[in-house]
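Work through the exercises below with the sequence and the model at hand. Each task is followed by its solution in steps.

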Amino acid sequence: MLASLQNAKLSWNDAGMPISDSFEDIYFSNNNGLHETQYVFLKQNNLPERWLIHNRDFFVIAETGFGTGLNFLATWQAFRHYRETNPEGKVTRLHFISFEKFPLTKLDLKQALAVWPELSLLSEQLISAYPYAVPGCQRLRFDDGAVVLDLWLGDANELLPQVYEPSDGLADVWFLDGFAPSKNPDMWTEHLFAQIYRLSRPLTTLSTFTAAGFVRRGLANAGFIMSKVAEHGEKRSMLIGRSQKTKANVKTLPVRSVAIVGGGIASACLTYLLTQRGYQVELFCADADVAEGASGNPQGAIYPLLHQPDDLLSQFFVSAFHFCQHLLNNFHNNEMLNHDWCGVLLKDIDEKSSQKNIELLNAGFPIELIQPHTDGAFFPHGGWVVPTELVKTLFQLSAKNGLLTQHKNCEIISLQKMTDHWELINRDGIRWSASQVVLANGVDVTMFEQTTSLPITPMRGQISTLLASEYDAISSYVVCGDGYIVPALDGQQVIGATYVRNDMARDIRESEHEENKAKMQRTVPQDVSTYTVLSGRAAIRGVTRDHFPLIGGLRSAEKLQITGSQMPKSGWLPEIESDLFILAGLGSRGLCSAPLSAEIAAALLLQEPLPCSLSTLRNIDPQRKWLRQEWRKKLGNRRG
Ligand code: FAD
Ligand code: SAM
């Protein structure tokens with residue numbers, strides 16, 4: 001678990017540059033900090049030249065101390081220039097991972113970056129997408145996914161052991177920032193150096209402003225060949241280093257095309273994120289069209305599931321909520337997509353809910369995420385979306401680059417493992433082959449011989465659509481009390497929803513309309529008894545007991561035994577050799593969690609940097625229940 005965060009406490013010098021009150025150190029030099037950044041971090045790591053000859057299509061830079069993001073912005077600017085001048089260059093994606101213990105507030109970030117007008121086109125995007133100050137990894141995508149920023153909020157020494165090392169290694173370059181070692185000795189530790197080396201690749205280089213002897217020795221002990229070089233235009237020296245690792249033994253096969261089973265928000269997000277990366281997707285959807293399952297409601301609410309800032313479920317949902325907002329905001333010019341970040345109110349409807357809301361408001365979440373309201377707790381940036389439109393938009397955008405093949409009315413009824421590929425077989429006995437399969441088919445994920453034991457419970461839900469004119473609107477935002485009420489769209493108002501465990505029927509029931517109206521009555525003061533129900537829709541959620549989705553490679557029974565018996569005390573790692581992946585169990589909050597869940601699935605599949613910690617990876621592992629039992633046995637703690 002990660003502790004709550006504190007924002008950076010700043011002063012501003014006469015030149016308008018930020019200074020850290022706690023560390024009594026500068027964020028960047030008064031004397032043209034941008035040029036210094038370009039010299040110390042880009043030039044000393046031989047960038048952009050390395051992007052022309054790199055051995056992967058993505059390049060990973062990791063940094064200690066994000067600060068104002070100046071290093072990130074300078075790198076992004078250089079990467080844009082490289083892409084424009086080298087459209088055929090090998091590297092097409094830049095991945096920047098930065099660790100920050102004391103994030104600047106958005107206001108301070110804005111003020112700090114105002115001194116670099118030459119970066120304003122990029123800094124405005126960073127400021128507008130700047131995440132909530134909640135511990136864990138927050139992923140931002142810019143330039144249609146060509147530039148990815150992972151902001152890991154928390155202490156670098158605590159976070160680095162939580163970073164998953166992909167099979168082909170993680171960082172190509174390290175920028176070691178983080179204030180002078182004399183002012184911040186707690187960060188520059190042997191432990192940090194060892195972690196930096198663990199997450200480096202064979203040709204990884206690093207650079208840092210400092211020339212401190214213990215940093216040089218520490219990094220050399222960890223495995224880097226270190227040297228001192230003169231700092232730009234100064235008498236002072238700085239350090240550069242090169243990893244001594246030998247070539248990694250990459251076990252995974254390169255993926256180029258993927259078969260996805262499903263046609264809801266999970267498969268739509270994954271298809272979009274894979275095709276944007278240039279991968280081919282073959283989609284199999286059982287229904288006549290996409291978004292006819294749980295993702296087919298006329299409107300749905302988007303807000304995170306929260307308990308405490310230091311609990312992993314809340315952290316997952318805050319990251320997911322932010323990623324979802326960020327993704328949807330990039331579609332804002334898309335006319336097909338009705339949605340509104342109008343806010344979501346968690347309404348006090350009785351003693352219990354009001355106590356829960358007070359606890360939530362006092363839990364330490366940032367005020368930008370959740371704030372007090374006269375009637376409860378309010379997510380100012382929550383809102384609603386038309387799920388059908390979102391799903392269709394994502395598939396349409398995916399189809400644009402010719403990388404998507406869709407088979408509708410095509411229910412896959414079995415999967416057969418061949419020597420080096422899977423065969424997917426539909427009801428008519430037609431077969432398709434695929435080297436990688438992802439099951440993103442909602443509650444039906446357990447229908448295959450290979451997946452029957454996945455811990456998904458069907459939970460039927462019905463929504464009711466009311467004639468909006470009869471509703472004396474109490475607010476322009478989503479209200480969640482007993483059930484939820486979404487602001488009217490085209491004269492109709494969605495209220496919902498019911499929960500019926502283990503019921504897979506999708507008939508519309510009068511009794512459940514009454515139930516929805518009764519829930520609404522407990523939430524709003526108006527008399528709703530006379531309100532007309534125009535229509536309804538029922539669908540089945542696939543829920544998990546712990547509210548985490550199921551994401552990751554599936555192990556065969558034999559592989560599961562081996563993983564269990566050989567598990568180190570630090571816990572198990574995700575299955576990456578599997579060619580059968582799961583992306584399901586999105587429960588009642590799939591609209592919020594699907595984009596990040598799909599991003600995690602894509603990163604796992606392609607062995608890219610992951611936007612979540614190893615602990616979260618264990619929490620979302622489709623086979624976590626069994627593996628956790630084995631882990632507890634190993635730790636000698638049966639109760640966990
Ligand atoms: P689905 O949308 O169910 O998609 C499954 C897809 O798989 C379908 O296209 C189906 O055709 C296809 N499929 C299944 N089996 C096969 C097969 N064998 N071969 C080929 N294709 C197959 N979430 C929120 O965040 N906010 C809300 O306000 C909200 N309200 C909800 C209200 C109700 C009544 C319900 C039921 C759910 C609600 N949810 C809400 C939850 C959310 O809708 C789900 O979490 C989400 O839609 C799940 O998406 P999915 O892609 O996993 O599954
Ligand atoms: N790279 C930054 C830029 O481009 O603006 C400047 C970084 S500033 C000199 C150092 C940063 O390291 C500060 O933002 C500070 O909060 C952060 N930091 C200090 N100790 C840290 C730790 N233990 N873990 C993560 N970040 C830390």
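**Exercise 1. How do the axes of α9 and helix α12 cross, and what is the handedness of the crossing of α9 and α12?**

Step 1. Two packed helices are described by the angle between their axes and the distance between the axes.
Step 2. In this predicted model, the axes of α9 (265-276) and α12 (residues 387-399) come within 9 Å and cross at roughly 25 degrees. Helices are DSSP runs (H or I, at least four residues) and strands likewise (E, at least two), numbered from the N terminus. Axes are lines fitted to C-alpha atoms, for helices over the stretch in contact, with angles from 0 to 180 degrees between N-to-C directions.
Step 3. Angles under 35 degrees count as roughly parallel, over 145 as roughly antiparallel, 65 to 115 as roughly perpendicular and the rest as oblique; α9 and α12 are therefore roughly parallel to each other.
Step 4. The crossing of α9 and α12 is left-handed, meaning that the near helix is turned anticlockwise from the far one by less than a right angle.

**Exercise 2. Describe the shell and the polar contacts of ligand 1.**

Step 1. Ligand 1 has 37 residues around it, and Asp287, Ser295, Ala301, Ile412 and Gly587 come nearest; a residue is near if one of its heavy atoms lies within 4 Å.
Step 2. The shell holds 19 nonpolar, 13 polar and 5 charged residues. Ala, Val, Leu, Ile, Met, Phe, Trp, Tyr, Cys and Pro count as nonpolar, Asp, Glu, Lys and Arg as charged, and the others, Gly among them, as polar.
Step 3. Elements that each supply at least two shell residues include α9, β14 (300-302) and β25 (457-467). The largest share, 3 residues, comes from α15.
Step 4. For polar contacts (pairs of N or O atoms within 3.5 Å), a side-chain N or O atom of serine 295 is 2.5 Å from an oxygen atom of ligand 1. A polar backbone atom of alanine 266 is 3.0 Å from a ligand 1 oxygen atom.
Step 5. Ligand 1 taken alone exposes 1,000 Å², and the protein buries 96% of that (Shrake-Rupley method, 1.4 Å probe).

**Exercise 3. Which residues are closest to ligand 2?**

Step 1. Of 23 surrounding residues, the closest are Thr68, Glu100, Ala156, Asp177 and Asn184.
Step 2. A polar side-chain atom of threonine 68 lies 2.6 Å from an oxygen atom of ligand 2, and a side-chain N or O atom of aspartate 177 is 2.8 Å from a ligand 2 nitrogen atom.
Step 3. The protein covers 98% of the 600 Å² of accessible area that ligand 2 has on its own.

**Conventions.** Residues are numbered from 1 along each chain as its sequence is written, chains are lettered from A and ligands numbered from 1 in the order in which they are written. Local features need pLDDT of at least 70 and side-chain atom pairs pLDDT 80 or more, while totals for chains, interfaces and linings use all residues; side-chain values use heavy atoms, with hydrogens and water left out.

Conventions. A polar contact is a pair of N or O atoms within 3.5 Å; within protein, one must be able to donate a hydrogen and the other to accept it, and residues adjacent in sequence count only if both atoms are side-chain atoms.
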